[in-house]
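Trainee: Please take a close look at one part of this protein for me. I would like to hear about the largest cavity and what surrounds it.

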Amino acid sequence: MTVGMDQADRHGHRPKGHSMQSASPRGRREKGAAPKISKGDFAPKDTENSSAVVSIETFKYTPAYFARWKVSASDWLLLLVISMAAVIVRCYKLSNPANVVFDEVHFGKFAGKYLNSTYFFDLHPPLAKMMFAAVGRLAGYDGVFDFKSIGLDYIAANVPYVAMRLMPALLGAATVPATYATVRACGYAMDTAALAALLVCVENGLVTQSRLILLDSPLVFFTVLTLLCWSMFWTVQDRPFSRTWWAWLLATGLTMGCAASCKWVALFLIPTIGLSTLHDLWDKIADQSLSPARWSMHFGARAIALICVPVAVYIGWFYVHFAMLSTTGGDAAALSPEFQVTLDGAKQMVTDRDVYYGSEIRMRTTNARSGFLHSHLHPWQHDKGSGQQQVTIYSYADANNVWIIEPAYNMTVDTSQGLVPVRSGDVLRLRHKTTGRFLHSHDKRPAMSSDKNKFELSGYGFTNFTGDSNDNFRVDILEGDPAMQGSATELQSIYSRFRLVHTNLNCMVFNSRKKLPKWAFGQIEVNCMRNCLPRMSTWHVEHAFHPNTTADAPVRKASYRRLSVLGKIWEYNKLMADSNENLSGDHPFAARPQHWPWLRRGTAYWGGPGRLIYQLGNPLIWWGSLAALAVFATVRMVLFLLDKRRIRPQLGGQRNMYFSGAGFFALAWTCHYVPFFLMGRELFTHHYFPALWMAIMVLAFTVDLVTCRLPRLLRSAVYVAVAAAVLHAFHTFSYITYARTWTKDACLRAKWLPTWDLDCEHAVGGLKGTVPPVAEPVLEVDSKSENGVDQAAPKAADQMPNDPNYVQPEFVNLPLDNGSGSGDKMIQPQLVQALPADNDAQAHNEL
């Protein structure tokens with residue numbers, strides 16, 4: 001990172017004898033330390049410019065120090081003009097359209113959840129959403145409007161949407177002067193800083209994103225602020241441990257924590273800042289003027305500011321998040337029971353502790369995406385299957401989750417002396433109470449896999465059939481609660497964690513977390529898998545009841561323990577990671593990373609008569625920034641080869657400053673872009689915005705490099721030409737940025753690339769140009785949503801599809817979900833129609 005601003009001439013050049021230091025300045029010495037320059041450290045003079053300074057890379061240590069950026073009156077005036085222009089660009093016709101747009105359906109709704117203290121789950125951290133809630137509360141939003149679908153009218157519902165949109169707009173506007181300050185801190189002249197600020201100001205994609213109730217504007221704002229603070233930190237390296245030094249270092253950690261608290265994309269700041277820090281500390285090791293104790297102080301200061309502070313900020317915002325969401329909601333079903341009982345209104349589960357043969361139990365998967373082992377009177381319909389009764393995982397409690405523990409096939413237990421507890425290692429069967437069929441597995445592939453180590457689970461049995469050995473499962477208790485004696489050897493509700501192992505196939509009952517097709521009612525697949533990890537094959541009994549217990553004999557009870565706040569934060573973040581990892585779908589405007597930098601396509605946000613919002617960047621800025629990155633990589637490679645031959649061109653005296661500024665931001669761009677190629681989840685163009693800002697910085701530095709030796713007038717002409725070109729492109733695409741009315745012909749002319757799929761039928765003269773469109777949600781809270789729960793997560797209670805197989809039994813002491821069933825008649829087990837016979841049964845009966 002550049003360390004600061006020296007005395008620059010009117011073109012941004014350095015006077016003779018000065019040089020810029022590199023990203024982590026090599027061998028930077030503290031104030032007062034004498035340089036140590038060894039023989040051979042000097043390079044030949046630049047053959048292009050004999051008066052150019054010798055590159056910093058030719059010195060073993062660099063004793064140069066540079067004055068901090070002293071904001072002049074011209075800087076203040078330019079900052080004022082830039083800020084005013086940014087506010088106008090971001091806030092122009094902010095009320096247009098007066099409808100719910102794109103992902104406002106989620107983040108507007110989440111703001112209402114905060115105001116109503118109703119728990120919800122989202123795969124992003126909470127800070128940006130809480131900021132929207134705070135603004136909504138100040139503006140008079142009561143949290144009642146549900147933002148249910150795109151196109152809903154804000155004005156008719158009296159929603160203060162303009163105020164809620166104003167917050168991201170102002171944050172987006174603030175990134176423009178922050179860009180100017182960052183460039184100045186990197187040592188560049190005012191014209192280059194103003195150019196960079198203009199490029200950010202008129203970037204259509206950033207403008208579009210910052211005018212709506214979306215998370216990306218706060219994310220970009222805190223990301224930019226982090227790198228500004230880091231740039232300013234490097235301007236005071238000659239005064240280590242001073243108040244200013246500490247202030248900028250701590251501010252870097254604080255803003256980095258806030259950025260990560262908006263979206264996890266900001267976690268890429270960790271390698272960006274971390275690599276720069278490691279390089280600097282490595283150079284300080286070689287500085288013989290620094291004692292080990294002094295170096296340790298540098299290390300400790302950076303560890304506190306860049307590790308402890310961001311982590312504390314991140315955790316702190318989650319404390320606020322959970323304090324605000326105190327009441328249970330539909331999304332709480334995705335959480336562990338220990339988490340759920342901390343919410344007001346959640347059912348406090350109290351059940352019989354001991355599990356016996358003959359007990360009626362409800363089994364739950366022991367992981368963040370909890371669900372119950374479930375069956376219903378419908379057959380498997382996939383080609384690989386047996387056609388026997390479906391066994392699934394269902395996320396809500398109903399009677400189809402109830403199983404009765406019975407002895408293994410052809411085995412009995414002696415109950416003459418009382419109830420017999422289930423112990424670890426016991427072989428038993430589970431009979432589905434509602435349908436009478438046994439949990440069963442055999443050599444058939446499951447619905448969602450063809451893996452030879454995975455087998456179908458089914459419900460099997462019919463009238464007068466006693467079962468077969470494929471119904472046998474062994475209970476292996478993995479761990480118990482240390483506070484509950486015997487829970488590791490005898491099966492206890494809630495406290496014992498166990499696996500069910502099929503005795504014939506040696507496979508474990510496994511939660512695949514895959515959503516089944518509609519013929520299985522979209523429930524979650526469970527199969528029997530060999531060699532699986534315990535995480536998704538571990539179960540516990542949540543509810544147990546034995547009909548033969550009496551009031552005379554005391555029944556020991558079990559209940560869930562409440563998670564601490566730190567425990568809730570840990571579980572919530574694991575759930576977020578799981579949701580991000582498994583987020584998949586076929587969204588029509590999803591885009592892979594290789595398509596982002598050259599702006600292959602945008603994203604349709606909203607359409608109305610004669611106008612639309614289509615998130616598309618300023619193509620000249622996107623293509624120019626990509627070209628600038630290519631120029632930097634080429635220049636760096638060529639100069640590396642020339643250095644090997646002891647030829648060190650100084651690039652018109654700008655070599656060190658260019659490598660320092662452009663090098664750092666090219667590294668930042670790489671850290672914020674390349675990791676997306678490793679992600680299999682669904683991605684969108686707006687994921688590129690933080691990296692885009694860094695690429696714009698490289699573009700401004702490259703324009704400065706190209707024009708640094710030009711006469712002042714010609715250099716100014718180049719800057720004006722660049723500004724005019726991007727302003728023209730901004731105006732051309734402002735119609736889809738601000739939802740301005742335009743004609744179909746103008747829309748078609750704006751399709752510079754054939755892959756830009758703007759719906760020009762919404763323009764005047766198109767089929768939808770005069771007829772209000774039907775709102776079609778772009779992202780719903782399902783497997784296709786970027787911001788919703790993944791495939792394995794249940795929907796909110798008010799959206800939960802009824803299980804058509806639910807039957808209401810006469811069941812004592814089992815809490816039922818009143819909204820989960822269809823009210824079918826009770827089906828007696830002996831009256832159930834027989835399913836297809838199991839072809840494997842005969843062979844195993846003889847075992």
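Mentor: Here is the cavity, followed by the core and some backbone details.

This is a predicted model, so local features need pLDDT of at least 70, side-chain atom pairs count only at pLDDT 80 or more, and totals for chains, interfaces and linings use all residues. Residues are numbered from 1 along each chain as its sequence is written, and side-chain values use heavy atoms, with hydrogens and water left out.

Rolling a probe the size of a water molecule over the atoms shows where empty space is left. A cavity is a set of points on a 1 Å grid over the protein atoms alone where a 1.4 Å probe fits but cannot get out. Points are joined across faces, edges and corners, and volume is the space filled by probe spheres set on them. The count is 8 cavities of 30 Å³ or more. The largest has a volume of about 80 Å³.

Its lining residues (an atom within 4 Å of a point) are Arg90, Gly172, Thr175, Val200, Leu206, Gln209, Ser210, Asp216, Ser217, Val220 and Phe689. Helices α4 (161-185), α6 (204-210) and α7 (216-234) each give two or more of them. Helices here are DSSP runs, H or I, of at least four residues, numbered from the N terminus. By class, the lining has 4 nonpolar, 5 polar and 2 charged residues. Ala, Val, Leu, Ile, Met, Phe, Trp, Tyr, Cys and Pro count as nonpolar, Asp, Glu, Lys and Arg as charged, and the others, Gly among them, as polar.

Phe689 lines the cavity, and helix α15 runs over residues 689-707. Now the core. A nonpolar core joins buried Ala, Val, Leu, Ile, Met, Phe, Trp, Tyr and Cys residues through side-chain atoms within 4.5 Å; buried means under 20% relative accessible area (1.4 Å probe, protein chains only). The largest core has 161 residues. Its largest share, 14 residues, comes from α15. Phe701 is among the residues with the most contacts inside this core. Leaving aside residues up to four places away in sequence, Phe701 touches (heavy atoms within 4.5 Å) Val183, Cys186, Tyr188, Tyr658, Gly661, Ala662 and Phe665.

Last, the loop between α1 (73-91) and α2 (104-115), where Pro97 sits. Most residues other than glycine have a negative phi, and most peptide bonds are trans. The bond from Asn96 to Pro97 is cis, with omega near 0°. Phe102 is in this loop too. Its phi is positive, about 45°. Phe102 counts as buried, at 1% relative accessibility.

Note on methods
On a 1 Å grid over the protein atoms alone, a cavity is a set of points where a 1.4 Å probe fits but cannot get out, and a pocket is an open set with protein on both sides within 12 Å along at least five of seven lines; lining residues have an atom within 4 Å of a point. Buried means under 20% relative accessible area, exposed over 50%, partly exposed in between (1.4 Å probe, protein chains only).
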